[in-house]
Amino acid sequence: MTDGLTRCWWSLSRDASPDPRMVEYHDTEWGVPVHDDTELFERLALESFQAGLSWSTILNKRDAFREAFHRFDADAIAAFDEEDEARLMQDVRIVRNRAKISAAIVNARATVALREQEGLEALVLSFAPDDPPAPR
């Protein structure tokens with residue numbers, strides 16, 4: 001890139017030119033610790049939707065995911081019913097995979113239940129290494 005910063009290969013498009021969304025994600029989010037349950041839930045849900053797809057596909061659909069999934073408000077998603085699942089399956093702006101949509105709803109319910117115990121952040125941090133790498 002012309003800004004002189006070194007970035008991971010995956011932030012480039014297939015023709016090796018910078019992909020603006022991937023560069024923004026690389027520079028501002030990737031590897032940055034998250035301590036907010038809503039942000040953690042969003043990352044969990046988006047990573048689940050990404051399975052088998054490219055991360056750039058998910059980033060390009062991120063705004064639509066945020067709208068369709070009520071900005072990843074776990075309480076709102078935990079209340080989703082069959083009508084909501086049907087609505088999401090018809091939304092061409094997101095990844096329409098029934099198993100992934102169902103997983104997002106089940107994970108929202110688990111997030112709400114975890115909040116009553118230690119919280120999603122505590123669960124995620126329980127898997128963190130004792131000696132994390134130095135910040136970039």
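Buried means a relative accessible area under 20%, exposed means over 50%, and partly exposed lies in between, with a 1.4 Å probe and protein chains only. The model is predicted, with local features requiring pLDDT of at least 70 and side-chain atom pairs counted only at pLDDT 80 or more, while totals for chains, interfaces and linings use all residues. Residues are numbered from 1 along each chain as its sequence is written, and side-chain values use heavy atoms, with hydrogens and water left out.

**View 1. The whole chain, with 7 helices and 0 strands.** Helices (H or I, at least four residues) and strands (E, at least two) are DSSP runs numbered from the N terminus, and from that end the elements follow the order α-α-α-α-α-α-α. The C-alpha atoms fill a box of roughly 50 × 40 × 20 Å along the principal axes, and 35% of the 136 residues count as buried. Contact here means heavy atoms within 4.5 Å; of the contacts between residues at least 6 apart in sequence, 52% join residues at least 24 apart. The accessible surface, from the Shrake-Rupley method with a 1.4 Å probe, comes to about 8,700 Å², and 53% of it belongs to carbon and sulfur atoms.

**View 2. The salt bridge between Glu 42 and Arg 66.** A salt bridge is a side-chain nitrogen of Lys or Arg within 4 Å of a carboxyl oxygen of Asp or Glu, and by this rule the count comes to 9. In this pair the closest N and O atoms are 2.8 Å apart. Glu 42 belongs to helix H2 (residues 37–50) and Arg 66 to helix H3 (residues 55–68), so that the pair links distant parts of the chain, 24 residues apart. Both Glu 42 and Arg 66 are buried.

**View 3. The salt bridge between Asp 27 and Arg 7.** The closest N and O atoms of the two side chains are 2.6 Å apart. Because Asp 27 lies in helix H1 (residues 20–28) and Arg 7 in the segment before H1, the pair ties together parts that are 20 residues apart in sequence. Asp 27 is partly exposed, with a relative accessible area of 36%, whereas Arg 7, at 17% relative accessibility, counts as buried.

**View 4. The salt bridge between Asp 75 and Arg 115.** Here the closest N and O atoms are 3.1 Å apart, and the pair links distant parts of the chain, with Asp 75 in helix H4 (residues 74–78) and Arg 115 in helix H6, 40 residues apart. Asp 75 is partly exposed, with a relative accessible area of 42%, and Arg 115 is partly exposed as well, with a value of 38%.

**View 5. The surroundings of Lys 100 in helix H6 (residues 98–116).** Lys 100 is buried yet has no salt bridge, the nearest side chain of opposite charge being that of Glu 47, 10 Å away; Lys and Arg count as positive and Asp and Glu as negative, with His and the chain ends not counted. The side chain of Lys 100 does reach the backbone oxygen of Phe 49, at 3.1 Å. Leaving aside neighbours within four places in sequence, Lys 100 is in contact with Ser 48, Phe 49, Gln 50, Ala 51, Leu 53 and Val 95.

**View 6. The surroundings of Met 89 in helix H5 (residues 82–90).** Met 89 counts as buried, at 17% relative accessibility. Not counting residues up to four places away in sequence, Met 89 touches Arg 96, Asn 97, Arg 98 and Ile 101.

Conventions:
Polar contact = N/O pair within 3.5 Å; in protein donor to acceptor, adjacent residues only side chain to side chain.
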